[in-house]
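This report describes the enclosed spaces inside a predicted protein model and then turns to one residue and its surroundings. The sequence and the structure are shown first.

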Amino acid sequence: MTYVIAEPCVDLLDKACIEECPVDCIYEGERMLYIHPDECVDCGACEPVCPVEAIFYEDDLPKDWADYAKANVDFFDDLGSPGGASKVGKTDHDPEFIKSLPKQEHDEH
């Protein structure tokens, strides 16, 4: 695993990270974005552009959000490794953990 997207992204889906990713490894689910652990090259370009600080290097992921590391892996169980998020587009198969979260409210910028 490399970088992980956590709770602040749920129901926000800002997508600034997608534009910044040089290897197209950030995929869009129904409720949040996910980083493909095998496609990410650890460049870190996504982390500073996230407006809600939802992206963490796995070793720096807050303990309260540890389940998000598993959710980022689980998202790709059915999807596999398509070799680029732009080929796939938005999907609606968030992992059960994410689907079961209450709706997140975000302040408008």
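## Cavities and a buried glutamate

Searching the whole structure yields 2 cavities of 30 Å³ or more. On a 1 Å grid over the protein atoms alone, a cavity is a set of points where a 1.4 Å probe fits but cannot get out, and lining residues have an atom within 4 Å of a point; grid points are joined across faces, edges and corners, and a volume is the space filled by probe spheres set on the points. This is a predicted model, in which local features need pLDDT of at least 70 and side-chain atom pairs count only at pLDDT 80 or more, while totals for chains, interfaces and linings use all residues. Residues are numbered from 1 along each chain as its sequence is written, and side-chain values use heavy atoms, with hydrogens and water left out.

| Cavity | Volume | Nonpolar | Polar | Charged |
|---|---|---|---|---|
| Largest | about 70 Å³ | 11 residues | no residues | 2 residues |
| Second largest | about 60 Å³ | 9 residues | 1 residue | no residues |

In these classes Ala, Val, Leu, Ile, Met, Phe, Trp, Tyr, Cys and Pro count as nonpolar, Asp, Glu, Lys and Arg as charged, and the others, Gly among them, as polar. The largest cavity is lined by 13 residues, of which C9, D14, C17, L33 and C50 are the closest to its centre. The lining of the second largest cavity includes C21, C25, C40, C43 and C46, together with G44.

E28 is buried, with a relative accessible area of 13%, since buried means under 20% (1.4 Å probe, protein chains only). The side chains of E28 and K15 are joined by a polar contact of 3.3 Å, that is, a pair of N or O atoms within 3.5 Å, one able to donate a hydrogen and the other to accept it. Leaving aside residues up to four places away in sequence, E28 touches L13, K15, L33, F75, G89, K90 and T91, where contact means heavy atoms within 4.5 Å.

Key. On a 1 Å grid over the protein atoms alone, a cavity is a set of points where a 1.4 Å probe fits but cannot get out, and a pocket is an open set with protein on both sides within 12 Å along at least five of seven lines; lining residues have an atom within 4 Å of a point. Buried means under 20% relative accessible area, exposed over 50%, partly exposed in between (1.4 Å probe, protein chains only).
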